[in-house]
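Here are a few notes to read alongside the model. I have kept them to a sheet, two empty spaces and the ligand site.

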Amino acid sequence: MISSVYIHIPFCHNICTYCSFTKFYYNQDMVKKYLISLKEEVLKRYKGEEIKTIYVGGGTPNVLTITELEELFKIIAIFKLSNDYEFTFEVNPECLDYEKIKFLKQHKVNRISMGVERVNSKFLKYLGREHNFNLVKERIQEIKDIGILNINVDFIYALKNETLKDLDKELDLLLSLDVPHISTYSLMIEEHTKLYIDKTLEIDSDLDYLMYDLIRKKLISKGFKHYEISNFAKSSYESRHNLVYWNNMEYYGFGLSAASYVGNKRFTNTSNLNKYINGNYIKETETLSKKDKISYALILGFRKIEGINIQEFNKKYNVNLLELYNIKELIKNKNLIIQDGNLRISYDKIYVSNNILVNFVGE
Ligand code: SF4
């Protein structure tokens, strides 16, 4: 049964140097057409299920004006929300103001995810971000004052010329925001980005590891739980929406390039804005066999630090988890361990988890 919805708003005020997401410069006319098409897609595909988590991401959803947000929230009002819902809205600090935060709160948003990315203006400029850390502090305070306390900040590390000392200092300042959730990402130089075109290289992998290790040790020492490869949360502030993905549960994805998992199918929407506006929503459909579902469940489930509950997995997929793939061998050589009824990646191997997850691709 589906109980989660992702909505993609692909418009941005400014294009970041590292961004490989589907996004376009904000354009009033395009936003208007996009919202009309988004509404049609929701009406066509949503079957009236009770929704427990909604995530509006982008792009920069808060680049929309209050009038456009009103249209967006009329679409969101189509969903039947459960009483105990989580509703996350992604924001950039520079497109946010008190009125918009108040508007979001009045429209049931109870979790904000802010693209902070860095503290030092030198690094923010390198990433092509337009805000500064003082603005971040002001906006976070306003969000709290308005009564939204469930806040995530995104943070990118492993930038060119960044040192461990820089990182350590920035983490202290990030922690001074006193938010209960932090997502961290090592900078990847993807094709078609400005950094790629400028021939920027990723940092040395040994330094990347030391940075990852510094982040996890520091955040854990400050009371955060490292609950997913890239995510840290204070107790009970884990992202319920993202856990739906990692638990291989079904969800709707609406909007440009959004992904969905419905029944035996995974869909990806088109990333062509004109096609989307003309109602040609879906680009690819993958029909899943039982083996495919198991493969997804392992690859996604092992992203969680606590791993996969063996009993629940066996019941859901009618298999014996420990007999699948080369799991016995991975346990024998201590890549995987069994603890408290869960099978998980050994914590000292989390950094190289991709080398383990590759075992579960396909057959
Ligand atoms: S990183 Fe986010 S804000 Fe920056 S261009 Fe990409 S989608 Fe827009």
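1. A definition to begin with: two strands are taken to pair if DSSP finds at least two bridges between them. Please keep in mind throughout that this is a predicted model.

2. With that in hand, have a look at the open sheet, which is made of three strands in the order β12-β13-β14, with antiparallel pairing. The edges belong to β12 (259-262) and β14 (282-287); each has a single partner strand, so one side of each is left without a neighbour in the sheet. On average, and ignoring direction, neighbouring strands here are turned by 20 degrees against each other.

3. Which strand pairs with β14, and over how many bridges? The partner is β13 (residues 265-269), and the two run antiparallel with five bridges between them. If you would like a spot to check on screen, N269 sits opposite I282 of β14.

4. Next, the ligand. The residues around the ligand are C12, N14, I15, C16, Y18, C19, F21, G59, T60, N92 and R129. By class, this shell holds six nonpolar residues, four polar ones and one charged.

5. Now for enclosed space. Searching the whole structure turns up one cavity of 30 Å³ or more, and the space in this largest cavity comes to about 30 Å³. Its lining consists of H13, N14, C16, T60, N92 and E94, which divide into one nonpolar, four polar and one charged residue. It is worth viewing this cavity together with the ligand site: N14, C16, T60 and N92 appear both around the ligand and in the cavity lining. H13 and E94 line the cavity but are not listed among the residues around the ligand.

6. Finally, the second largest pocket, which holds about 290 Å³ of space. Its lining counts 15 residues, and those nearest the centre are N247, K304, I308, N309 and E312. Where does the lining come from? At least two residues each are supplied by α11 (290-301), β15 (308-309) and α12 (310-317). The largest share belongs to α12, with four residues. In character, the lining of this pocket is mixed: five residues are nonpolar, six polar and four charged.

7. To view these points in turn, you might start with the β12-β13-β14 sheet, move on to the ligand shell and the largest cavity, and end at the second largest pocket with its α12 contribution.

Terms used: Residues are numbered from 1 along each chain as its sequence is written. This is a predicted model: local features need pLDDT of at least 70, side-chain atom pairs count only at pLDDT 80 or more; totals for chains, interfaces and linings use all residues. Side-chain values use heavy atoms; hydrogens and water are left out. On a 1 Å grid over the protein atoms alone, a cavity is a set of points where a 1.4 Å probe fits but cannot get out, and a pocket is an open set with protein on both sides within 12 Å along at least five of seven lines; lining residues have an atom within 4 Å of a point. Grid points are joined across faces, edges and corners, and a volume is the space filled by probe spheres set on the points. Ala, Val, Leu, Ile, Met, Phe, Trp, Tyr, Cys and Pro count as nonpolar, Asp, Glu, Lys and Arg as charged, and the others, Gly among them, as polar. A residue is near a molecule or strand if one of its heavy atoms lies within 4 Å of it. Axes are lines fitted to C-alpha atoms, for helices over the stretch in contact, and angles run from 0 to 180 degrees between N-to-C directions.
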